[in-house]
Structure formats: C-alpha cells, structure tokens
Amino acid sequence: DVVVRADQPGGEISPILNGVFFEDINFAADGGLYPERIKNGSFEFDDPMMGWHRPALVAGGAVGGFGVAGDRPLHPNNPHFLRARLEQAGEGLPLTNEGYRGIGVTKGAKFTFSVRARSAPAGAMALGVQLVGPDGTPIAAARRLEGFTGDWKAYSCVVESAATEPKARLTIVALGKGTLDLDMVSLFPQETFNHRPNGLRPDLAQLLKDLRPGFVRFPGGCIVEGRDLSQRYQWKTTIGDRAERKLIMNRWNVEFDPPRNARDYYESMGLGFFEYFQLCEDIGAKPLPILNCGMACQFNLAELVPLEDLDPYIQDALDLIEFANGPATTIWGARRAAMGHPGPFGLTMIGIGNEQWGPQYFARFERFAKAIRAKHPEVLLVGGAGPGPSDGPGDDRFSTGWDAMRRLNADLVDEHFYRPPDWFYSQVNRYDNYDRKGPKVFAGEFASHVRNKRPGFEANTWEAALSEAAVMTGLERNGDLVRLASYAPLLAHVDAWQWNPNLIWFDNLRSMGTPSYYVQQVFGTHRGTTILPVKLGPAAERLFACASADAPSGQVVLKIVNARPEPRDVRIRLEGVASVEPTGELLTLASPDLNAVNTLDDPRRVALVAGAVTGLVPEFVRQVPGYSLTVLRIKAA
Ligand code: AHR
C-alpha cells in the first residue's frame with residue numbers, strides 16, 4: 001500500500017531542488033557545450049602548435065615556414081601567436097586544424113571564420129580558408145581574406161558546409177611574400193542556443209533546459225581547485241574579449257589510453273563566467289558559482305595559500321557578487337553592463353571550495369564567510385563536507401566537515417556521493433532524521449556507479465538510474481532540508497572522456513540523455529511545492545515513493561519506484577481527499593533489463609513514456625511495471 005497523507009501537508013519543497021552540476025571534464029566546455037571548432041586557435045597550449053598540422057611536403061613552390069612568435073602580442077593574457085614567413089609565395093603554406101576530435105559540420109550550416117591578423121609588409125599577404133573532410137577533400141567553397149595591415153585587426157568570412165561530416169578539418173593557407181601574424185583563429189557556428197553571440201551548442205543547451213534545472217553549479221568540481229594554484233580557475237580572466245581571456249591547462253589534462261587520453265585538454269575560457277550566468281538566465285536556473293578557497297586539489301597536491309595571503313581570493317568573491325548583482329555604476333557592474341547585460345544576474349548563493357577538508361579548509365572558509373557576510377549578508381554560503389561519505393572506517397573527514405560547517409554557520413553543506421546501487425538503496429531514508437536546525441543540504445555531486453561490468457567503464461545503466469530514482473524520492477521527501485541536488489558529471493564527449501558515468505553523452509554532431517538523465521528530468525519537471533507524507537505498507541519491499549502537492553496545478557504528484565523485476569499491483573490511497581478528477585497524468589520510465597543503456601545510435605532505449613490514467617478515485621489499485629519509475633498526477637475534484 002502507498003498512503004499519501006494529503007491531509008497532513010509538510011514543509012515547502014525547495015523550488016530549485018533539482019539542478020545541474022557543470023564541470024569542464026570530458027570535453028564538456030571546449031569541444032562540447034562551447035561550440036568553437038578550432039582547437040588551440042590562440043596558440044597558447046604548452047606546445048603552441050598542438051592541434052595544428054603542417055603537410056610533410058609543401059607542393060606549389062612556396063618557400064617558408066610557420067613558427068610561434070610573441071613580439072607585440074594582442075594582449076598580455078594571450079602572449080603567443082602564429083607567424084608565417086614566406087620567402088617565395090608559390091601557392092602558399094597550408095596549416096590544418098584537427099578540431100576537437102574532428103570538426104562537426106552539417107550540410108548547409110554556416111560558420112563565421114574569424115582571425116586577428118597583421119602582415120609585413122602591409123597588404124603583402126592574404127589568407128586562404130578551406131573546410132575539408134577527413135581525407136582532405138574540400139567540403140565548402142574556399143574563402144580568402146586580405147588587406148592586412150601592420151597592426152592587429154579582426155577579419156572574418158562566412159564558411160558554409162556543403163556536407164555533413166563529424167570529423168572535418170579546417171585548413172588555412174598563408175599566401176604572399178612576407179610575414180603574416182595570426183591569432184585567435186576561430187570557426188564558430190552561426191546557430192547558437194538562444195541566438196547568443198559567442199553562444200552555446202544548441203542541442204546540448206536544450207538538453208540542459210529540458211531538465212528544468214533550478215540551478216546551475218559551475219565551473220566544477222576539481223577544476224575550481226586547479227592542478228596547482230597557478231592553474232586554478234579565476235573568473236576574472238574568463239570574461240571580456242576572447243583575446244583577453246587567459247587559457248589554462250585543464251585539471252583533467254591526463255594521460256590515459258584513448259579515448260580517455262586528454263593531453264590536449266585546456267580551458268580556452270571561451271565559455272566564461274558571463275556565458276555561465278547567461279546560460280542560467282536562458283534556462284531559468286539560479287547561478288551557483290563555486291570559487292577556489294585558497295587550496296589546490298587535495299587529492300593531487302596539497303598546495304595552500306597562507307591565511308595572510310588570502311585577501312585576493314576573498315576579493316575575487318566579493319567582486320564576483322558585484323559583477324553579478326551590482327548596479328552598472330559599480331566597477332564590476334559596469335563590466336557586466338558593457339558586455340550587454342545592464343541588469344543584475346540575481347546571484348543568491350556562492351560556494352567556497354570544492355571537496356576540501358580539514359582545519360586548513362575550515363580556517364579559509366571562515367575568512368571568506370566573515371568578509372562576504374559583512375558586505376553581502378543576503379548571499380547564501382555553501383561549504384563543503386569533504387569528498388563524501390564514501391571512504392570507509394577510520395575516515396572522519398565527512399563528519400568533521402559537517403561539524404565545522406555547523407560551527408561556522410554555513411547556509412548549505414555540499415555532500416558528494418559516487419557509490420554503487422546498493423548504497424543508494426540503503427540511503428533512501430538518509431535525510432529523514434538529519435538535524436533540521438543546522439545548515440541545509442546540497443547534494444552537489446552524486447551518481448550511482450555500477451562496477452565491474454567493463455574494466456574502467458562504469459556505464460550509465462538503467463540499474464544505476466533506478467537506484468538514483470530511489471534516493472531521489474528521499475531527497476524530495478526531505479525537500480525542506482535538501483535544498484539543492486545535482487547529478488555529476490553532466491556532459492561527456494564519446495571520443496574524449498576522463499570519467500564515467502555521466503548524465504549526457506555527445507559526439508561532434510549528436511547528443512543523448514542517459515537513463516539517469518530521464519530520472520533527473522522526472523524529478524526536475526514533476527516536483528510539486530509541498531511535501532506530502534507517504535506511508536508504505538509492509539509489502540513494500542524495494543518499493544519507494546514520495547508525494548507532493550503542487551500549488552500551481554492543484555495536483556497531487558506521486559512518484560513510485562519499483563526496484564523489483566516483477567510488475568506490482570499497488571493500492572494507492574489519498575488520505576483526506578473526498579473525490580478526485582477521474583483522469584490523471586501518467587509518466588513511466590521502465591526497462592526489464594537493468595543493463596540497458598542509451599547510446600547515440602539508440603538514444604531512447606530507456607526513455608519516458610507519457611500517458612493518462614482513467615477511472616481514478618481516492619483509493620485505487622495501479623499496476624507499476626517491474627524496474628520502473630512511475631509518476632501519477634492526480635487532481636482533487
Ligand atoms: O565530478 C567529477 C569530480 O568528482 C569532481 O570534479 C570532483 O568534485 C569530484 O571528486
């Protein structure tokens with residue numbers, strides 16, 4: 001039996017409970033959500049020619065070569081550029097960019113090719129632009145830019161693809177006799193999400209929007225901490241003209257076997273803090289930036305900023321609040337306004353540190369909290385409880401983290417759990433007895449990991465997703481305490497991932513939601529506003545449920561997870577409801593196969609099926625499929 005106590009409404013469910021965790025891991029930003037097609041167009045990778053290829057032999061009589069130079073650069077944050085030097089023009093010197101595991105183009109799609117350039121002598125040089133297939137065959141009309149002077153200027157042309165090709169390349173050809181300096185080489189799609197300039201890949205942004213996320217946490221994850229403090233994420237160098245943004249090596253620049261290998265993984269910051277805030281606005285989510293607290297990743301290198309040197313880090317946090325919320329008359333508010341957003345972004349929460357632990361973290365959190373509270377008491381502070389309740393006996397990082405966050409009055413505490421399905425089932429009631437007086441909970445990174453199916457690869461199976469659904473009934477039932485929850489990581493390129501499982505997978509042209517994606521979507525879309533207590537009968541083994549009243553629709557929303565293989569007849573009783581409308585809404589996510597996965601070729605093997613349920617009365621029997629998540633929306637008459 002499932003008894004819904006509609007007569008005993010409980011607390012208010014966080015209106016932004018279900019959100020997304022964005023981290024630039026698995027090529028989530030460059031090569032993913034940020035649709036720039038040219039890799040290392042700024043020549044700032046440690047190997048400045050990485051991603052670029054010269055032919056072994058140059059046909060056509062040109063004599064000269066390419067090198068990387070640094071005299072009079074575009075901007076100090078972008079000190080290197082490409083220099084082509086031709087002693088004999090011939091038919092020019094070609095150089096090809098490989099893109100991010102190729103360049104994805106569809107037939108008829110238009111791109112803006114742009115570059116900053118200068119030449120010596122002025123007017124002596126030109127640049128050819130050619131989109132080619134993997135074998136070098138042209139797949140767009142060739143373009144030519146010319147008229148370069150002795151000073152850096154921006155030049156552009158339109159490239160229209162005549163074919164669909166996931167692994168195209170772009171060849172540029174230096175033409176003439178003299179030197180040609182090139183920087184910020186870009187091939188950017190004209191179609192972006194919400195038609196934003198420097199905007200996002202539409203299919204991926206739409207998948208995010210379809211989750212109806214209450215918040216977006218960005219920019220991570222471990223990348224906030226950085227490989228070391230010099231390579232930490234600093235929001236101020238991610239805004240403004242792209243040539244002013246400072247590229248850094250990605251924390252996930254790691255050596256593995258393909259496709260995990262990512263020695264070419266950098267952060268161009270084309271997707272920077274302005275774009276993150278704009279994304280939040282475009283998909284109706286609250287921004288939740290996480291900032292470096294003066295510590296590098298403790299799993300990597302215990303690099304620490306002395307407390308007496310912490311002020312610049314704290315100032316970054318204060319300035320970020322001004323950038324997001326300040327009037328255009330303030331320094332950082334003016335920067336935002338100059339970028340085309342005069343109004344505030346509505347920042348209400350900020351996270352200090354990611355997965356940090358121990359007294360050094362607590363001392364740094366305390367400093368940040370004191371300074372932010374003094375100036376911005378309206379902003380909620382998110383602290384961390386270390387790497388999560390996952391490290392077995394003797395590891396008290398999690399409980400000491402919580403104790404410290406209570407003592408320091410964090411508004412929310414970020415918990416992370418990457419654990420197997422059985423652990424998820426054991427935690428359905430995790431929050432029922434949490435202290436209601438202390439900080440609220442941010443379940444900031446979680447995912448069920450099904451181990452040992454394929455070495456090194458924990459797939460996004462239906463088994464994993466179903467166990468996440470079970471835990472999420474507990475998150476929602478405690479939606480007065482658990483204010484934010486997000487699956488992690490969010491995005492992964494099938495040819496360039498470092499971590500799995502992930503919520504959404506994509507290649508250069510296609511994308512798809514995993515079974516876990518649909519679980520998140522169900523909870524994000526069918527949340528309700530007030531908790532309704534649910535009582536489960538004695539036969540409810542491996543049956544989980546939560547219910548809510550939804551003020552806008554006037555419906556009772558009931559979610560049932562059946563984690564057993566056989567269909568079950570469930571007697572449902574709406575206590576305190578005299579009569580209901582005979583027809584209600586029904587949504588089912590189910591598969592008899594716990595190993596079922598979605599793939600780019602078969603993206604809807606496990607997907608939501610919407611329908612209706614008829615003949616409803618306040619007490620009725622409904623059969624739920626084996627291994628299923630069912631949503632019923634019922635309206636009291
Ligand atoms: O989500 C992947 C990583 O898991 C995050 O970067 C980190 O916060 C956690 O350890």
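# Exercises on a predicted three-domain model

The crossing of helix 4 and helix 6 is right-handed. The model is a predicted one.

**Exercise 1. Find how helix 4 and helix 6 meet, and which residues make the contact.**

Solution.
- Take helix 4 as residues 311–325 and helix 6 as residues 358–375.
- Their axes come within 10 Å and cross at roughly 35°.
- From helix 4, the contact uses Ile314, Ala317 and Leu318.
- From helix 6, Arg367, Phe368, Ala371, Ile372 and Lys375 take part.

**Exercise 2. Divide the chain into domains, and state how far apart the centres of domain 1 and domain 3 are.**

Solution.
- The domain assignment gives domain 1 as 2–9 + 531–635.
- Domain 2 is 20–36 + 192–527, and domain 3 is 52–189.
- Over C-alpha atoms, the centres of domain 1 and domain 3 are 57 Å apart.

**Exercise 3. Describe the largest nonpolar core and place it relative to the domains.**

Solution.
- This core has 151 residues. Val216, Ile350 and Val556 touch the most other members.
- Helix 9 (residues 462–477) contributes the most, with nine residues.
- Domain 1 and domain 2 both supply residues, so the core lies between them.
- Now look around Ile350. Leaving out residues up to four places away in sequence, Ile350 touches Pro289, Leu291, Ala317, Ile321, Ile372, Val379, Leu381 and Val382.
- A second core is separate and has 36 residues, including Ala62, Leu93, Ile103 and Ala168.

**Exercise 4. Work out the strand order of the six-stranded open sheet, and explain why one side of strand 26 and of strand 32 lacks a neighbour.**

Solution.
- The order is 26-28-29-34-31-32, and the pairing is antiparallel.
- Strand 26 (530–532) and strand 32 (609–613) are at the edges. Each has a single partner strand, so one side of each has no neighbour in the sheet.
- On average, neighbouring strands are turned by 25° against each other, direction ignored.
- Inside the sheet, strand 29 (residues 555–562) pairs with strand 34 (residues 628–635) over eight bridges, in the antiparallel sense.
- To fix the register, start at Gln555: its bridge partner in strand 34 is Lys635.

**Exercise 5. Identify which strands helix 9 and helix 10 pack on, and give the angles.**

Solution.
- Helix 9 packs on the sheet and touches strand 26, strand 28 (543–550), strand 29 and strand 34.
- The direction of helix 9 makes about 45° with that of strand 28.
- Helix 10 (residues 515–525) lies across strand 31 (584–590) and strand 34.
- Against strand 31, helix 10 runs at about 160°.

**Exercise 6. Trace the eight-stranded open sheet and locate its edges.**

Solution.
- The order is 2-14-17-18-19-20-21-22, with parallel pairing.
- Strand 2 (20–21) and strand 22 (482–487) stand at the edges. A single partner strand serves each, so one side of each is without a neighbour in the sheet.
- Strand 14 (residues 215–218) and strand 17 (residues 286–291) run parallel, joined by four bridges.
- For the register, Arg217 has Leu288 of strand 17 as its bridge partner.

**Exercise 7. Find the antiparallel partners of strand 8 in strand 11 and strand 13, with one bridge pair for each.**

Solution.
- Strand 8 (residues 110–120) is joined to strand 11 (residues 153–160) by eight bridges, running antiparallel.
- Here Ser114 has Ser156 of strand 11 as its bridge partner.
- Strand 8 also pairs with strand 13 (residues 178–189), in the antiparallel sense, over nine bridges.
- There the bridge partner of Ala120 is Thr179 of strand 13.

Key: Residues numbered from 1 in each chain as written. Predicted model: local features only at pLDDT ≥ 70, side-chain atom pairs only at ≥ 80, totals over all residues. Core = buried A, V, L, I, M, F, W, Y, C linked by C-beta atoms within 7 Å. Buried ≥ 20, exposed ≤ 12 C-beta atoms within 10 Å, placed from the backbone. Helix = DSSP H or I, 4+ residues; strand = E, 2+ residues; numbered from the N terminus. Domains from an automatic or database assignment. Contact = placed C-beta atoms within 7 Å. Pairing = 2+ DSSP bridges. Axes fitted to C-alpha atoms, helices over the stretch in contact; angles between N-to-C directions. Left-handed = near helix turned anticlockwise from the far one by under 90°.
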